[in-house]
Amino acid sequence: TYVVTENCIQCKYTDCAEVCPVECFHEGPNFLAIDPVECIDCAACVPECPADAIFAEDDVPEDQRDFTALNAELSKHWPVILRKKAAPADADEWNGKPGKRPLLRR
Ligand code: SF4
């Protein structure tokens, strides 16, 4: 599966959801999560993410390994998103900021 990691928090650009050939992406208040059951490992979403937040499970950075389980959990509770929508107005300001993990809203 592919995994959305920390830099999506507060950015949530949604370009990924538009290109996903299956219905993997689920939308929360300030983060997107991939349903690992639905993901077919096509990698189409990876280059679309302006925040470079999506990794193959095996390539998730060491300090973000917990996001694999987090995607699985959160995707169960959040609605599917199929289309790109406007990013939060301050998304570009948050892109690349460290330490966003505590800001994740459920
Ligand atoms: Fe969807 Fe492909 Fe990304 Fe999986 S790797 S979330 S199937 S676009």
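Ala, Val, Leu, Ile, Met, Phe, Trp, Tyr, Cys and Pro count here as nonpolar, Asp, Glu, Lys and Arg as charged, and the others, Gly among them, as polar. This is a predicted model, in which local features need pLDDT of at least 70 and side-chain atom pairs count only at pLDDT 80 or more, while totals for chains, interfaces and linings use all residues. Residues are numbered from 1 along each chain as its sequence is written, and side-chain values use heavy atoms, with hydrogens and water left out.

**View 1. Surroundings of the ligand.** The shell around the ligand has 12 nonpolar residues, with no polar and no charged ones. Its cysteines are Cys20, Cys24, Cys39, Cys42 and Cys45. The ligand is also surrounded by Tyr2, Pro21, Val22, Phe25, Ile34, Ile40 and Ala43. A residue is near the ligand if one of its heavy atoms lies within 4 Å of it.

**View 2. The largest nonpolar core.** This core has 31 residues. A nonpolar core is a set of buried Ala, Val, Leu, Ile, Met, Phe, Trp, Tyr and Cys residues joined through side-chain atoms within 4.5 Å; buried means under 20% relative accessible area, exposed over 50%, and partly exposed in between (1.4 Å probe, protein chains only). Val4, Phe25, Phe31, Ile34, Ile54, Leu74 and Leu104 have the most contacts inside the core. Two or more residues each come from strands E1 (2-4), E3 (32-34) and E4 (54-56) and from helices H1 (15-19) and H2 (66-77). Helices (H or I, at least four residues) and strands (E, at least two) are DSSP runs, numbered from the N terminus.

**View 3. Contacts of Val4.** With its neighbours within four places in sequence left aside, Val4 is in contact (heavy atoms within 4.5 Å) with Phe25, Phe31, Leu32, Ala33, Ile34, Ala53, Ile54, Phe67 and Asn71.

**View 4. Positive phi in the loop between E1 and H1.** Most residues other than glycine have a negative phi. Gln10 is not a glycine, yet has a positive phi of about 75°; this residue lies in the loop between E1 and H1. Thr14, in the loop between E1 and H1, has a positive phi of about 70° and is likewise not a glycine. Gln10 is buried, with a relative accessible area of 17%, and Thr14 is buried at 1%.

**View 5. Setting of the close-ups in the chain.** Three helices and four strands make up the secondary structure of the protein chain, in the order β-α-β-β-β-α-α along the sequence. Buried residues account for 46% of its 106 residues. The C-alpha trace spans about 30 × 30 × 25 Å along its principal axes.
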